Amino acid sequence: MEKKIEDTSLLLKHLQEGDERAFRTLFEEFYASLCLFATRYLGDREEAADVVQETFLKYWNKHTDFDDYRKIKSFLYVVVRHACLNLLRDRELRSRIPEEWIEDSEQEFRNQVMEEEVHRIFNHAIDKLPLQMRMVINLSLDGLKNSEIAEKMNLSEGTVHAYKKEAYKKLRISLKDYYYLLPFLLFISR
């Protein structure tokens, strides 16, 4: 298995050079969040996935133009948003689009991007947990109680409790640099 490129400045350099492995890293980093973002507009996961894939192709065709990793993220979100709004307009569903989306409310857009970023960061931290802990946390986030998780995973409730406690400790350490996102993390983990 190939090692992912994690350092953003190194990743940016490889992206500008047209490195496919770097592109794959970028794709894996943002694909799920962008699909969720697009699904909110379109209400259709398959259509959202198509929009996101087309967006990555548009990025790839311009990859040499980007000299800042943040500009890449902005580009991806803005292109997905515009593509979704164009699809909705083309389907003549304009009357069903919330008014603030039609008026291009920048604050709403920023809030949505922030929420998707929080999801991405939080899920990335969960993905780094050991398998059993990750499964316990994901089931917990799905709303299952410790007893239900224990039954589903064939564990004792005490083991589930211990896994959750250790997972939360690891997540606090992993997310310590994102303390400013705490209100969002608390909101999405309910």
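Two helices count as roughly perpendicular when the angle between their axes falls at 65 to 115 degrees. In the predicted model considered here, this term applies to helix H7 (residues 131–141) and helix H9 (residues 157–174), which pack at an angle of about 95 degrees, and H7 and H9 are therefore roughly perpendicular to each other. The axes of the two helices lie 9 Å apart. On the side of H7, the contact is formed by Gln 132, Met 133, Val 136, Ile 137 and Ser 140, while H9 contributes Val 160, Tyr 163, Lys 164, Glu 166, Ala 167, Tyr 168 and Lys 170. By character, the residues of this contact of H7 with H9 comprise seven nonpolar, two polar and three charged.

The setting of this helix pair is a protein whose secondary structure consists of 10 helices and zero strands, so that, by the DSSP runs used to assign elements, the order from the N terminus reads α-α-α-α-α-α-α-α-α-α. Of its 190 residues, 38% count as buried, and the accessible surface of the protein amounts to about 12,000 Å², with carbon and sulfur atoms accounting for 50% of that area. Among the contacts in the protein with a separation of 6 or more, 61% join residues that are 24 or more positions apart.

Aromatic side chains were examined next. A pair of aromatic rings is described by the distance of the centres and the angle of the planes. Across the whole structure, 11 aromatic pairs are found. In one of them, the rings of Phe 23 and Phe 56 have centres 6.0 Å apart and planes at 85 degrees, so the pair is edge-to-face. Because Phe 23 belongs to helix H2 (residues 20–42) and Phe 56 to helix H3 (residues 45–61), this pair ties together parts that are 33 residues apart in sequence. Phe 23 and Phe 56 are both buried.

A further pair is made by Phe 37 and Tyr 41, whose ring centres are 5.5 Å apart and whose planes stand at 75 degrees, so this pair is edge-to-face. Phe 37 and Tyr 41 are four residues apart in helix H2, and are therefore separated by about one helical turn. Both Phe 37 and Tyr 41 are buried.

Ring pairs also link a set of residues into a cluster, made up of Phe 23, Phe 27, Tyr 31, Phe 56, Tyr 59, Trp 60, Phe 66 and Phe 75. The buried residues Phe 23 and Phe 56 are thus found among the members of this cluster.

Terms used:
Residues numbered from 1 in each chain as written. Predicted model: local features only at pLDDT ≥ 70, side-chain atom pairs only at ≥ 80, totals over all residues. Heavy atoms only, no water. Buried < 20%, exposed > 50% of the residue type's maximum accessible area, 1.4 Å probe, protein only. Contact = heavy atoms within 4.5 Å. Areas by Shrake-Rupley, 256 points an atom, 1.4 Å probe, with all protein chains shown as cover. Phe/Tyr/Trp six-rings, centres within 6.5 Å; stacked < 30°, edge-to-face > 60°. Axes fitted to C-alpha atoms, helices over the stretch in contact; angles between N-to-C directions. Parallel < 35°, antiparallel > 145°, perpendicular 65-115°, else oblique. Nonpolar A, V, L, I, M, F, W, Y, C, P; charged D, E, K, R; others polar.
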